[in-house]
Amino acid sequence: MTEFEKYIQEYLNLIPSENWLEELKIVSNQTLEIYQSLTEEQSNFAYADGKWSLKTLLEHLTDVEKIFHYRALRFARKDMKELAGFDENQYAENGTANQQDLQLLIEEFHLNRLLSLAFFSKLTSEQLAQKSKANGNEVSVETIEKLIVGHNIHHLNIIKERYLSKLKP
């Protein structure tokens, strides 16, 4: 198993059922529920020096989903040109989450997720199975969607374990 396959499997193992579209809805609702319960001040919290704020983490979830959605669209349409990777830390450093109102970030996440749900729910089995390369690794459209789910669950777990337990009410 390659390092990339191990990386993918870690996220896929987090998905509780085979119905990944339903799991995408569930994790979306869980994410929205947590963020909607935060105050503006709480959303600026980072659990340690050098760690992202909760706002930056939400922007990260949205950015990654946009990138993965774009990849899935290209692959589903049989665009076989290899796509470049991206550096999540560079995106976070150059993002504007900490200057934004929390409600705007929540709305962007929610609208982006609705777009993903609409797009992925209409794909045929042939389109879901379509593969191409991103960041030097071959991946299918369905796996990209599952990565969005697993990635969101991964960060929800971090939020619950490292952020919410240390937040001041």
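The largest pocket in this predicted model holds about 300 Å³ of space. Sixteen residues line this largest pocket, and those closest to its centre are Tyr7, Phe68, Arg71, Phe86 and Asn135. Two or more lining residues come from each of the elements α1 (3–12), α4 (54–76), β2 (137–140) and α8 (141–164).

For the second largest pocket, the space amounts to about 250 Å³. Its lining is also made of 16 residues, of which Lys51, Trp52, Glu88, His155 and Ile158 are the closest to the centre. Here the elements that give two or more residues to the lining are α1, α4, α5 (88–93) and α8, and α8 gives the most, with six residues.

The table sets out the lining of each pocket by residue class.

| Pocket | Nonpolar | Polar | Charged |
|---|---|---|---|
| Largest pocket | nine residues | four residues | three residues |
| Second largest pocket | seven residues | six residues | three residues |

The helix α4, which gives two or more residues to the lining of the largest pocket and likewise to that of the second largest pocket, can also be described on its own. With 23 residues, α4 reaches 33 Å from its first C-alpha to its last, which is close to the 33 Å expected at 1.5 Å a residue. Because 20 of these 23 residues are buried, α4 is largely enclosed by the rest of the structure. Just after the end of α4, Lys78 takes a positive phi of about 60°.

Methods: Residues numbered from 1 in each chain as written. Predicted model: local features only at pLDDT ≥ 70, side-chain atom pairs only at ≥ 80, totals over all residues. Heavy atoms only, no water. 1 Å grid on protein atoms, 1.4 Å probe; cavity = no way out; pocket = protein on both sides within 12 Å on 5 of 7 lines; lining within 4 Å. Points joined across faces, edges and corners; volume = space filled by probe spheres on them. Helix = DSSP H or I, 4+ residues; strand = E, 2+ residues; numbered from the N terminus. Nonpolar A, V, L, I, M, F, W, Y, C, P; charged D, E, K, R; others polar. Expected span 1.5 Å × (residues − 1). Buried < 20%, exposed > 50% of the residue type's maximum accessible area, 1.4 Å probe, protein only.
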